[in-house]
Amino acid sequence: MWTTIILMVLYEGLTKGEKTMDNKGKIDVQAKGHNGPIDFELSIDDGRVTDLEIKQHSEIPGIFDQVADKLRSDVLENQSFAIDAISGATVMSEAILESADQAVKNEGVQLPEKEKEQTRQKEEIQVDIVVIGGGEAGLVAAARLLTAGKKVALLEKNGYLGGATILNGSNVTATGSKTAKRIFGEQAKKDTPQHLAADVSNESLHTNDQNLTQVMTENIGEAIDFISDFVNLNYGKAQTQTPEHSIDRQIELPSSSSYELVKKAAEAFTKKGGQIFLDARVEHILQDENGKVTGVVAEGRKRTLTVHADAITLSTGGYGANLNMRGKKAKG
């Protein structure tokens, strides 16, 4: 008898959970992310989604924050979870969308029918220079070109900015910069590009490319000062100094996050007239009959973008992610 009563109570509880929720309320949802569960809350009012608020997650903040913001705006605009995932974060964004869709259906909420798919858009723009790659290198290069009076467009294949930079902290080398002099005082005078190059070679067991190392060490100071002024970054002495180096030269941002630089650099770049296109994977380089570069064609999920330009700056990185480009020494 008691077994029968318990089963009846369980059955009643389950059936109540399937009934339509009130016209206004909140739904707690959990999605499975790369690094663990993603907990978020959906707000429903009169059969419409009015908010999607992230409560807790274990993903890389710099990437996740951009993805979550884009998903939220797309969901609210389309009133549907049957929307495109974010390029470069497909698994994460699809998990959120699918979990949200299932949670809403479980509550008996009927969202408006999604409008028919729009035709693929074609867009053309004219600039002086197009920068390919939205990591730190691309953002700094684009900002520098902008201050030189050029009309600049930056193209990034993913649906978020940061590239490999976003996976790291903000700790960087400041050799030869005014920033280093401010932070390290008299000690900064002991550091030189040649000194840094020697430390880099020792640190990498002399497997580094000496020419590329020289380019880096001779320009890093000026680059740090430029982007600090352009974005108004407040660098300080890094808590962790590279142990293989013979002198303290590492600096970092207050947040210790590279996302601070990426976010502020993008905001400053667009505020000063630069253009940023996400989900824009460059597929073709355009050339005239004499072989001169005249622009690029980039493909996205819903758009083909043609950028006419006098020059191209490649800041794509990707070396470490391409197995075919790695030498024998890098195996394992």
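In the predicted model, glutamine 79 is placed in the loop that runs between helix H2 (61-78) and helix H3 (90-106). Its phi is near 50°, a positive value in a residue other than glycine. Most residues other than glycine have a negative phi. Glutamine 79 has a relative accessibility of 4% and therefore counts as buried, the cut-off being under 20%. A positive phi, of about 55°, is also found at aspartate 46, which is not a glycine either. Aspartate 46 sits in the loop between strand S2 (37-45) and strand S3 (48-56). With a relative accessible area of 59%, aspartate 46 is exposed.

The protein chain contains eight helices and 14 strands. Of its 332 residues, 40% are buried. Among contacts between residues at least 6 apart in sequence, 59% join residues at least 24 apart. The accessible surface of the chain comes to about 19600 Å², and 50% of this area belongs to carbon and sulfur atoms.

Helix H7 covers residues 210-231. At 1.5 Å a residue, its 22 residues should span 32 Å, and the distance of 31 Å between its end C-alpha atoms agrees with this. H7 nevertheless bends by about 45° at asparagine 219. At the N-terminal end, H7 is capped by aspartate 209, which has a side-chain oxygen 2.9 Å from the backbone nitrogen of asparagine 211. Just after the helix, asparagine 232 has a positive phi of about 65°.

The buried residues of H7 include Thr213, Thr217, Ile220, Gly221 and Ile224. Asp225, Phe226, Ile227, Ser228, Phe230 and Val231 are buried as well. Among the elements that cover the buried residues of H7 are four helices: H4 (136-147), H5 (178-184), H6 (193-203) and H8 (258-271). Strand S7 (172-173) and strand S9 (250-252) also contribute to this cover.

Side chains of opposite charge can pair when their charged atoms come close. The count of salt bridges in the model comes to 15. One of them joins the side chains of lysine 70 and aspartate 74, with an N to O distance of 2.7 Å. Both residues belong to helix H2 and are four residues apart, about one turn of the helix. Lysine 70 is partly exposed, at 38% relative accessibility, whereas aspartate 74 is buried, at 14%.

Aspartate 84 and lysine 302 form another salt bridge through their side chains, at 3.8 Å from N to O. Aspartate 84 lies in the loop between H2 and H3, and lysine 302 in the loop between strand S12 (293-299) and strand S13 (303-308), so this pair ties together parts 218 residues apart in sequence. The relative accessible area of aspartate 84 is 32%, which means that this residue is partly exposed.

A salt bridge also links the side chains of glutamate 299 and arginine 120, with 2.9 Å between N and O. Because glutamate 299 lies in strand S12 and arginine 120 in the loop between H3 and strand S4 (121-126), the pair ties together parts that are 179 residues apart in sequence. Arginine 120 is partly exposed, with a relative accessible area of 41%. Elsewhere, Asp191, Asp199 and Arg249 are joined into one network by salt bridges that share partners.

Methods:
Residues numbered from 1 in each chain as written. Predicted model: local features only at pLDDT ≥ 70, side-chain atom pairs only at ≥ 80, totals over all residues. Heavy atoms only, no water. Helix = DSSP H or I, 4+ residues; strand = E, 2+ residues; numbered from the N terminus. Expected span 1.5 Å × (residues − 1). Bend = angle between axes of the 7 residues up to and from the residue. Buried < 20%, exposed > 50% of the residue type's maximum accessible area, 1.4 Å probe, protein only. Contact = heavy atoms within 4.5 Å. Polar contact = N/O pair within 3.5 Å; in protein donor to acceptor, adjacent residues only side chain to side chain. Areas by Shrake-Rupley, 256 points an atom, 1.4 Å probe, with all protein chains shown as cover. Salt bridge = Lys/Arg side-chain N within 4 Å of Asp/Glu carboxyl O.
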